[in-house]
Amino acid sequence: MSRADRLADLVEERELDLLLVTNVVNVRYLTGFTGSNALAVVGRDVRRFITDFRYVEQAAQQVEGFEREQGPQDFLGALTDGWPPGELRLGFEDDHVSVRRHQRFREVIPDRIALEPAGGLVESLRVVKEPGEIQRIAAAAALADEVYGVLREQGLVRVLERDVALVLEDEMRRRGAEPAFDSIVASSERGALPHAEPADVPIAAGTLVTLDIGARLDGYCSDCTRTWATGELPDDLAEAYALVLRAQEAGLAAVRPGPEGREIDAVAREIIEAAGHGEHFGHGLGHGVGMEVHEAPRLARTAEAALAAGNVVTVEPGVYLPGRGGVRIEDLVVVTEDGHRVLSGTTKELVTVH
C-alpha cells in the first residue's frame with residue numbers, strides 16, 4: 001500500500017473527506033517531490049499535486065501516482081476549483097499553518113468545503129520508518145562518522161570553535177550532504193551550554209569539547225554527539241564523562257518495542273540523579289530523527305507514546321556543570337522487532353584529541 005493510500009485510510013478514520021498537505025516535508029514524503037513550493041490533496045479517490053511554474057518539469061520527473069497541476073502566480077488560488085462535488089470536510093495541517101494562510105484558505109476554497117484542523121496525520125505515518133528510509137538514515141550516520149574521523153586526525157587544541165564547525169560542515173558537503181542543523185562545538189565552560197553556538201575562542205588543552213553534528217543526505221538526517229578531551233582532565237570532568245557514558249549505555253540498552261518514551265528517559269535519568277547531578281540534566285533523553293532532525297517519537301519525562309519497531313531515535317543524556325564544562329553522548333538508534341540497532345559508529349570511549 002502506498003503512503004498516500006495509508007494516509008487516505010487515516011483521513012477516513014478522522015471522518016474527513018480530504019487532507020490538504022502544505023508542509024513541504026510532508027509533501028516530499030507523500031510524493032517524492034524535492035522542490036520548495038508545492039501542496040497535495042489526498043482522499044480516498046483524490047491524488048492532487050500542485051506546484052508552480054519553476055518546478056513543473058521537476059515534478060514530472062519525481063511525482064508519480066498524483067494528478068500534477070501548475071498553480072497560478074497567486075499560488076493558493078489553485079484551490080479555488082478542482083474539488084469533488086458536494087459538501088466536503090477538508091482537513092488541513094493546523095500545526096504548520098499560520099493564521100494569515102488559514103484566512104487565505106477560507107478566501108479561495110469554496111464555502112461548501114468545511115476546513116477542519118487535522119495536523120499530525122502525515123507525521124503519524126513518518127514515525128515508523130520503512131526499510132529504505134532506515135538505509136538512508138544509516139548512510140547519513142555513516143557519513144557523520146567519517147567527518148568525525150577527519151576532525152580527530154586534524155586536532156582541536158588552539159583551533160577556534162568556529163573554525164572546527166566550518167571543518168565539520170565542509171567535510172559533510174564534500175561528501176554530498178548538507179548539515180542537518182548548525183553544528184555545536186562547545187569547549188571548556190561553554191560546554192555547560194547544551195546548545196552553544198561555536199564562538200571565536202580557541203580550544204584549550206586539558207578540557208572537554210562537545211561536538212554535535214548531523215548530516216542531511218538524500219532527504220534524511222543523522223544526529224550524533226561526542227565529547228572529546230584535549231588532554232588530562234580535572235577529576236570532576238572525568239567523573240562527569242564516566243557518569244554520562246554509564247547513563248547513555250543504560251538508556252540505550254532499554255530501547256526496544258513496547259516501553260513508553262518516558263520509561264526509557266527514566267532509566268538514564270535515574271542514574272544521573274543518583275549521582276547528584278539531576279539538576280544538571282535538564283533536557284529529554286532523545287527524539288525521533290528522519291526527514292527532519294527533530295520529530296516523533298520523543299524520549300522525555302512527559303513522552304507517553306510507546307516505542308515501535310521502525311522508530312529511529314537518539315539517546316543523548318548530558319551533564320552540564322556551570323563554569324566548568326559539559327558532557328553529552330548521543331547515538332542514533334533504530335528500534336527493531338527484538339531490540340535496537342545503533343547507527344552511530346564513532347567510539348564513545350573517552351578519546352583525547354590534541
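1. Which strands does helix α2 lie across, and at about what angle does the helix run to β2? Keep in mind that this is a predicted model. Helix α2, residues 24-31, lies across three strands: β1, β2 (38-43) and β3 (46-51). Against β2, helix α2 runs at about 60 degrees.

2. Now the sheet itself. It's an open one with six strands, and reading across gives β4-β3-β2-β1-β5-β6. The pairing is mixed. The edges belong to β4 (67-70) and β6 (113-117); each has a single partner strand, so one side of each is left without a neighbour in the sheet. From one strand to the next, the twist averages 25 degrees.

3. For a parallel pairing, look at β1 (residues 18-21) and β5 (residues 88-92), which are joined over three bridges. If you want a spot to click on, take Leu20: its bridge partner in β5 is Phe92.

4. Helix α4 is worth a look too. Its residues 99-108 lie across β1, β5 and β6, and β6 is one of the edge strands. The angle between helix α4 and β6 is about 160 degrees.

5. On to the largest pocket, which holds about 340 Å³ of space. It is lined by 21 residues, and the closest to the centre are Ile184, Pro194, His195, Asp212 and His294. How does the lining divide into nonpolar, polar and charged residues? Evenly, as it happens: seven nonpolar, seven polar and seven charged.

Conventions. Residues numbered from 1 in each chain as written. Predicted model: local features only at pLDDT ≥ 70, side-chain atom pairs only at ≥ 80, totals over all residues. Heavy atoms only, no water. 1 Å grid on protein atoms, 1.4 Å probe; cavity = no way out; pocket = protein on both sides within 12 Å on 5 of 7 lines; lining within 4 Å. Points joined across faces, edges and corners; volume = space filled by probe spheres on them. Nonpolar A, V, L, I, M, F, W, Y, C, P; charged D, E, K, R; others polar. Pairing = 2+ DSSP bridges. Helix = DSSP H or I, 4+ residues; strand = E, 2+ residues; numbered from the N terminus. Axes fitted to C-alpha atoms, helices over the stretch in contact; angles between N-to-C directions. Contact = heavy atoms within 4.5 Å.
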